[in-house]
Amino acid sequence: SQHILGKAADIHIDEITEDAIRNYALELAAGGVGFYPSQNFVHIDVGDVRNWSMPDKPGRLLTAFRKGANWQIITNKNVYLPKEKIKFSVMNITRMPETLDKELLVQRFDCGKWATVGKIDSCTGKKFAAGKECSGELDEELFGKFRIIIEGNGLSNELYRKKM
């Protein structure tokens, strides 16, 4: 393994697509390039010039649940390009109707910590039957790594808004 020899790295940059990283590395023709689109990284090493790709598995791979949470938040995909709206669903996962009384917050991962960058009002204050959901969209212009949370009681998957 080139990793064991200290001659390889698996690369992920929050704001740039893995396609762009792979294409750049292939243009360098300086070693091995492995493309892992469904895992959101590109392998680059300084061994012989070669390349390979793993199949892409479209759809959602990452979700997050908190033990004891009453709500689940799911986005329609993990990676968004400029101008794409982030579509999400908030679902009551209890067996009883419940009102969403907390705010939905949009957070961005920046400088090693999560910071709130916005709020979503479309679902707050509504009563949900068990298994029912509220849907919404974000039209945010920031780039990087994000998540949607319900203050103290729910967490979405992490998602990426890429520049290119």
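**Exercise 1. In what order do the three strands of the open sheet with β5 in it line up, and is the pairing parallel or antiparallel?**

Some ground rules before we start. We're working on a predicted model, where local features need pLDDT of at least 70 and side-chain atom pairs count only at pLDDT 80 or more, while totals for chains, interfaces and linings use all residues. Residues are numbered from 1 along each chain as its sequence is written, and side-chain values use heavy atoms, with hydrogens and water left out.

Solution.
- Step 1: get the elements. Strands (E, at least two residues) and helices (H or I, at least four) are DSSP runs, numbered from the N terminus. The protein chain has one helix and 15 strands.
- Step 2: apply the pairing rule, which asks DSSP for at least two bridges between two strands. The order comes out as β5-β7-β12, with antiparallel pairing.
- Step 3: find the edges. β5 (71-75) and β12 (133-138) each pair on one side only.
- Step 4: check the twist. Neighbouring strands here are turned by 20 degrees against each other on average, direction ignored. Axes are lines fitted to C-alpha atoms, and angles run from 0 to 180 degrees between N-to-C directions.
- Step 5: zoom in on one pair. β5 and β7 (residues 86-92) share five bridges in the antiparallel sense, and Gln 72 has Met 91 in β7 as its bridge partner.

**Exercise 2. Work out the layout of the four-stranded open sheet.**

Solution.
- Step 1: read off the order, β1-β3-β2-β4; the pairing is mixed.
- Step 2: the edge strands are β1 (8-11) and β4 (50-53), each pairing on one side only.
- Step 3: from one strand to the next, the twist averages 10 degrees.
- Step 4: β1 and β3 (residues 41-45) run antiparallel and are joined by four bridges. Asp 10 stands opposite His 43 in β3.

**Exercise 3. Which residues touch the most other members of the largest nonpolar core?**

Solution.
- Step 1: set the terms. Buried means under 20% relative accessible area, exposed over 50%, partly exposed in between (1.4 Å probe, protein chains only). A nonpolar core is a set of buried Ala, Val, Leu, Ile, Met, Phe, Trp, Tyr and Cys residues joined through side-chain atoms within 4.5 Å.
- Step 2: the largest core holds 18 residues, and the winners are Val 90 and Leu 104.
- Step 3: β5, β7, β9 (104-110), β12 and β13 each supply at least two residues of this core.
- Step 4: look around Leu 104, using contact as heavy atoms within 4.5 Å. Not counting residues up to four places away in sequence, Leu 104 touches Ile 73, Phe 88, Val 90 and Ile 148, among others.
- Step 5: don't miss the second, separate core of five residues, including Ile 21 and Val 33.

**Exercise 4. Is Lys 145 buried or exposed?**

Solution.
- Step 1: place Lys 145 in strand β13 (residues 144-150).
- Step 2: the relative accessible area of Lys 145 is 15%, so this residue is buried.
- Step 3: list some contacts. Beyond four places in sequence, Lys 145 touches Asp 14, Phe 109, Trp 114 and Glu 158, among others.
- Step 4: test for a charge over a ring (NZ of Lys or CZ of Arg within 6 Å of the ring centre and within 35 degrees of the ring normal). The charged end of Lys 145 sits over the Phe 109 ring, 4.8 Å from its centre. Lys 162 also lies over a ring face, that of Tyr 160, at 5.1 Å from the ring centre.
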